[in-house]
Amino acid sequence: MAFTAMDVKALREKTGVGMMECKKALVEADGDMDKAIDYLRERGLAAAQKKASRIAAEGVVLPYYDSASKKGVVVEVNSETDFVAKNEKFMSFVEGVAKTVLATDPADVEALKEEKFNGTDRTVTETLNDLVLAIGENMKVRRFERMEGIVSTYIHAGGAVGVMVGFDVADEAKAANADFVAMGKNVAMQIAAMNPEYLAKDDISEDELAKMKSITVDSALNKPDSLPMPILTSLINEAIDGKKWSDEDITIYQGLDNKQRKNFTNFISKEAFEILAGIAVSHKAEISENKIFIGLVQGRLSKQIKEICLLEQDFVRSDLFQGSVKGYIDSVAKALGTEIKANGFIRMMKGEGLEKREENFAEEIAKQLNG
């Protein structure tokens, strides 16, 4: 069966595959359009299997929210190169994946792969295989997380980071207000920039708090120059009186004036500092009961909690509000005449935890030349 250039163009529009591949498919199918499509789909599966071992750590993270159903999802879809991540077909696929998640509510990525891709009778896997053939890179749907309710989203750097943050609003009609929309975006941007681990202090378990405290105590003891002066002086006296320091280090320290002793680590040897830390660690039990030390540890813990808990963090847009993120949310709630509480967030970073591809352009060119 003969075919024309218009048939090649029509096949390309239906499949998204390049002109030469479409022409080859029509030759193989003897001009039969349906058989040509089947041929290309088989090629897509073969191409996906061939490229599956290639590292795909680029791509995009996309937060997608459907205001009608009040459901949202953040998805990550990976590609081999950042260039492909900017491809219109690739981005359309990513959005389709997000819509499929919301429509089918799959349990996990494996279940998602078998669902019908949004608006088609093809599965997500089959649609992905078609895309691999059309674009020529390994791609994969890596993960997704969902939220429900009133949600604000933010995409940073074209999909490098995606954020979704949820709110409880007493008067839900106020969520459509421009000031609320701006507040939601600003809080989402805060999450993208500052990467909090928790929403609030209450979300940190007792075990995690105990672990944080233990690490803080050990860190302080191993850096004795940061200890309160009465404790530090006692440790230095033990090092000198007990002859635990070398004669040279003892002589150097005793020759320092009061101003120099405040920076004594600049003068004593590395070995002397390590000995001092060892003495501090050996007295851990008694130092840990010292009221001054307890205050130091609590202060450092409070600082850590402020850094890792969203609502405790200083709001980065100090031009809009000076204070904590919670204070900022409360100020907007007061202006709108309602109550607003952040109830959770999702922050996803592209390629997080994945092995990155090392570019070797000479090798890539050689592969292309050798077919």
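Here's a short tour of two helix pairs in this predicted model.

**Stop one: α10 and α13**

Start by selecting residues 229–241, which make up helix α10, and then add residues 270–282, which make up helix α13. These two pack at an angle of about 115°, and their axes sit 10 Å apart. Because angles of 65 to 115 degrees count as roughly perpendicular, that is the label for α10 against α13. The crossing of α10 past α13 is right-handed.

Now show side chains. On the α10 side, pick Leu 232, Leu 235, Ile 236, Glu 238 and Ala 239; on the α13 side, pick Leu 276, Ile 279 and Ala 280. Those residues make the contact. Color them by class and you'll get seven nonpolar, no polar and one charged.

**Stop two: α9 and α15**

Next, select residues 206–221 for helix α9 and residues 291–308 for helix α15. Here the packing angle is about 125°, with the axes 10 Å apart. That makes α9 and α15 oblique to each other. Look at how α9 passes α15: this crossing is right-handed.

Which residues of α9 and α15 make the contact? From α9, select Leu 209, Met 212, Lys 213, Thr 216, Val 217, Ala 220 and Leu 221. From α15, add Phe 293, Leu 296, Val 297, Arg 300, Leu 301, Gln 304, Ile 305 and Ile 308. Color this set by class too: the contact of α9 with α15 has 11 nonpolar, two polar and two charged residues.

Methods. Residues numbered from 1 in each chain as written. Predicted model: local features only at pLDDT ≥ 70, side-chain atom pairs only at ≥ 80, totals over all residues. Heavy atoms only, no water. Axes fitted to C-alpha atoms, helices over the stretch in contact; angles between N-to-C directions. Helix = DSSP H or I, 4+ residues; strand = E, 2+ residues; numbered from the N terminus. Parallel < 35°, antiparallel > 145°, perpendicular 65-115°, else oblique. Left-handed = near helix turned anticlockwise from the far one by under 90°. Contact = heavy atoms within 4.5 Å. Nonpolar A, V, L, I, M, F, W, Y, C, P; charged D, E, K, R; others polar.
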